[in-house]
Amino acid sequence: AINKASLATWMILLGVLFWGATFSFTRQAVGIIDVYSFLSVRFIIASLIIAVIFIKNFKLYTKEIFWKGILLGTILAIGFILQTTGLKYTTASNAGFITGLVVVLVPIIVAVISKRLPKFNQVLAIFLAVAGIALLTLKMKFAINIGDVWVLLATFALATHLILIARLVKGIEASMFAVTQLLTVGVITGIIGLTINKQIV
């Protein structure tokens with residue numbers, strides 16, 4: 001039987017596989033429809049699927065889940081808006097590499113907040129992670145453009161999101177938090193998309 005630690009590791013690896021594949025699909029999608037409509041539909045559908053799967057857990061819903069879901073959902077929305085906008089102007093490989101730098105930013109931000117330098121093994125892990133991401137995603141020519149800047153800003157937002165999740169979400173019902181967070185992203189991007197499209201029309 002697979003223990004919980006092994007199962008968690010395999011689930012993370014599977015998640016990374018899907019995460020990496022989304023850059024190419026997202027870049028193609030935003031060439032067809034606007035960024036905000038794409039994100040809104042994507043996150044609302046995701047939230048509804050999770051809500052249906054874990055419908056029995058709604059009895060565990062609390063005010064804490066509500067406000068934390070909205071707070072972190074707003075930060076996540078900012079990150080995805082920046083990242084998806086950047087994908088319109090850069091390559092999927094550049095976006096994948098820059099977003100992967102979140103593994104560097106998280107320990108650096110934590111070190112700044114805690115006023116403690118990262119440990120040697122953390123520094124080594126950061127170096128190996130960046131090297132690995134670069135080998136997997138970068139092509140021979142790497143040029144900085146405006147899309148890369150958008151994605152870099154998104155990476156800062158996503159790093160902040162990860163840090164806050166680690167600090168704020170302990171002890172609350174995960175599925176209901178996920179529903180609230182994803183729905184928040186969908187609503188925010190949907191409102192922005194409707195406003196912009198209305199002005200264009």
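1. A good place to start is burial: of the 201 residues in the protein chain, 36% are buried. Please keep in mind throughout that this is a predicted model.

2. On the overall fold, the protein chain has 8 helices and 0 strands. Read from the N terminus, the order of elements is α-α-α-α-α-α-α-α.

3. The contacts deserve a look too. Taking those in the protein chain between residues at least 6 apart in sequence, 91% join residues at least 24 apart.

4. As for the surface, the protein chain exposes about 12600 Å². Carbon and sulfur atoms supply 75% of that exposed area.

5. Which residues make the nonpolar surface patch of about 650 Å²? They are Ile55, Phe58, Tyr61, Phe66, Trp67, Ile70 and Leu71. One of them, Trp67, sits in helix α3, which covers residues 63-87. Trp67 has a relative accessibility of 44%, so it counts as partly exposed, given that the partly exposed class lies between 20% and 50%.

6. Staying with helix α3, I would also point you to Thr84, which lies in this helix. Is Thr84 buried or exposed? Its relative accessible area is 0%, so Thr84 is buried. A polar atom of the Thr84 side chain lies 2.7 Å from the backbone oxygen of Phe80. It may help here to recall that an α-helix has 3.6 residues a turn, so residues three or four places apart point the same way.

7. Next, helix α7, residues 146-168. Does its length agree or disagree with what its residue count leads us to expect? With 23 residues at 1.5 Å a residue, α7 should span 33 Å. The C-alpha atoms at its ends are 33 Å apart, so the two values agree.

8. The buried side of the account for α7 is easy to list: Gly147, Asp148, Val151, Ala154, Thr155, Ala157, Leu158, Ala159, His161 and Ile163. You will notice Asp148 and His161 among these buried residues, and both may be worth a glance in the viewer.

9. Leu153 belongs to helix α7 as well. Why does Leu153 count as partly exposed? Because its relative accessible area is 43%, a value between the 20% and 50% cut-offs.

10. Finally, a pair for you to find in the model: Leu153 and Ile78. These two residues are 75 apart in sequence, while their C-alpha atoms are 9.4 Å apart in space.

Technical notes. Residues are numbered from 1 along each chain as its sequence is written. This is a predicted model: local features need pLDDT of at least 70, side-chain atom pairs count only at pLDDT 80 or more; totals for chains, interfaces and linings use all residues. Side-chain values use heavy atoms; hydrogens and water are left out. Helices (H or I, at least four residues) and strands (E, at least two) are DSSP runs, numbered from the N terminus. Buried means under 20% relative accessible area, exposed over 50%, partly exposed in between (1.4 Å probe, protein chains only). Contact means heavy atoms within 4.5 Å. Accessible areas come from the Shrake-Rupley method with a 1.4 Å probe; for residues, only the protein chains shown count as cover. The expected span of a helix is 1.5 Å times one less than its number of residues. Patches are made of residues with over 30% relative accessible area and no salt bridge: like charges are joined within 9 Å, nonpolar side chains (Val, Leu, Ile, Met, Phe, Trp, Tyr) within 5 Å. A salt bridge is a side-chain nitrogen of Lys or Arg within 4 Å of a carboxyl oxygen of Asp or Glu. A polar contact is a pair of N or O atoms within 3.5 Å; within protein, one must be able to donate a hydrogen and the other to accept it, and residues adjacent in sequence count only if both atoms are side-chain atoms.
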